Amino acid sequence: MTDVDLAQLREEYARAGLEESDLADEPIAMFRRWFDEAVAADLHEPNAMVVATADAEGRPAARLVLLKGLSDAGFVFFTNTRSRKGEELAANPRCALLFPWHPLERQVRVDGTATPLPPADVAAYFATRPRGSQLGAWASHQSREVADRAALLAAYDEVTARFPEPGEVPVPEEWGGYVVRPEGVEFWQGRPGRMHDRLVYRRTDAGWTTVRLAP
Ligand SMILES: Cc1cc2nc3c(=O)[nH]c(=O)nc-3n(C[C@H](O)[C@H](O)[C@H](O)COP(=O)(O)O)c2cc1C
């Protein structure tokens, strides 16, 4: 690491505020609004989100994943269901999502529960992936140990030969997706003096309520 003084590395946030009157009726509509602004601001991969899971013993793990769909049901992503995250979600479907939109001085945090997507949805998405990614999904048993890179490339060559063009690449049995049904969604906007705005939607039996949290 260079001699950057981490204790002195900080930004003052003053781009915008977030008032209760700015909120949409429900969090998915609010998320769409902020997501559109992230796209309009030309953020790099605005659909990249941190997905945090925990295993049956409560040990946490986090990694970046791409948001690939958004509906009233929730936030959709695709992955290998036997990866570390897949195994953890099978044992404990509660998870958290984080969208770190630094240039807008914003973050969105989602707490929710992940449910595997039906095979038809997985197949529909898999069909849209570039062929190379489809083959990679076959070649990579995500999160499991490999001897070396050569072994990985050999596996890729093997599946390339197994599924010759122009035939379609089928969906690997271990490939899948999840929809995360939100229980809570926080919209965070940085403000001067660390007096940030934090407005949180919480799901109740009667619908969504919102609260403000101290920064
Ligand atoms: C920007 C970015 C996007 C990613 N998107 C995905 C994705 O959509 N699905 C996925 O399985 N892995 C994705 N990855 C790789 C994951 O971060 C991770 O390495 C992989 O899923 C294995 O995680 P696990 O061992 O915790 O299951 C992405 C990585 C980056 C940096």
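Start with Val 200 and Val 211. In this predicted model, Val 211 of β9 is the bridge partner of Val 200. Keep Val 200 selected and add Glu 186. These two residues are also bridge partners, with Val 200 sitting in β8.

**The strands around Val 200**

Now widen the selection to whole strands. Take β8, residues 197–204, and β9, residues 207–212. They pair antiparallel, over six bridges. Look at the turn between them: a hairpin of two residues links β8 to β9. Next, add β7, residues 175–189. β7 and β8 also run antiparallel, and six bridges join them.

**The whole chain**

Zoom out and colour by secondary structure. The protein chain has five helices and nine strands. Step through from the N terminus, and the order reads α-β-β-β-β-α-β-β-α-α-α-β-β-β. The three strands you have just visited, β7, β8 and β9, close that series. For scale, the C-alpha atoms fill a box of roughly 60 × 55 × 40 Å along the principal axes.

**Two helices that cross**

Select residues 131–139 for α4 and residues 149–162 for α5. Their axes come within 9 Å and cross at roughly 115°. The crossing is right-handed. Show side chains here. From α4, the contact uses Gly 132, Leu 135, Gly 136, Trp 138 and Ala 139. From α5, Leu 152, Ala 155, Tyr 156, Val 159, Thr 160 and Arg 162 meet them. What classes of residue make up this contact of α4 with α5? Seven are nonpolar, three are polar and one is charged.

**A cis bond after α5**

Move on into the loop between α5 and β7, where you will find Pro 166. Display the backbone from Glu 165 to Pro 166. The peptide bond joining them is cis, with omega about 5°. Most peptide bonds are trans.

**A positive phi**

Jump to Glu 105. Which loop holds Glu 105? It is the one between β5 (94–101) and β6 (106–116). Check the backbone angle: phi of Glu 105 is positive, about 55°, although Glu 105 is not a glycine. Most residues other than glycine have a negative phi.

**The ligand**

Finish at the ligand. Select its surroundings: Glu 45, Arg 63, Leu 64, Val 65, Leu 66, Phe 78, Thr 79, Ser 83, Arg 84, Lys 85, Gln 142 and Ser 143. Then draw three distances, each ending on an oxygen atom of the ligand. Begin with Thr 79, where a polar side-chain atom lies 2.6 Å away from such an oxygen. Go to Gln 142 next. An N or O atom in the Gln 142 side chain is 3.1 Å from a ligand oxygen. For Arg 84, switch to the backbone. There, a backbone N or O atom lies 3.3 Å from an oxygen atom of the ligand.

Terms used: Residues are numbered from 1 along each chain as its sequence is written. This is a predicted model: local features need pLDDT of at least 70, side-chain atom pairs count only at pLDDT 80 or more; totals for chains, interfaces and linings use all residues. Side-chain values use heavy atoms; hydrogens and water are left out. Axes are lines fitted to C-alpha atoms, for helices over the stretch in contact, and angles run from 0 to 180 degrees between N-to-C directions. Helices (H or I, at least four residues) and strands (E, at least two) are DSSP runs, numbered from the N terminus. A crossing is left-handed if the near helix is turned anticlockwise from the far one by less than a right angle, and right-handed if clockwise. Contact means heavy atoms within 4.5 Å. Ala, Val, Leu, Ile, Met, Phe, Trp, Tyr, Cys and Pro count as nonpolar, Asp, Glu, Lys and Arg as charged, and the others, Gly among them, as polar. Two strands pair if DSSP finds at least two bridges between them. A residue is near a molecule or strand if one of its heavy atoms lies within 4 Å of it. A polar contact is a pair of N or O atoms within 3.5 Å; within protein, one must be able to donate a hydrogen and the other to accept it, and residues adjacent in sequence count only if both atoms are side-chain atoms.
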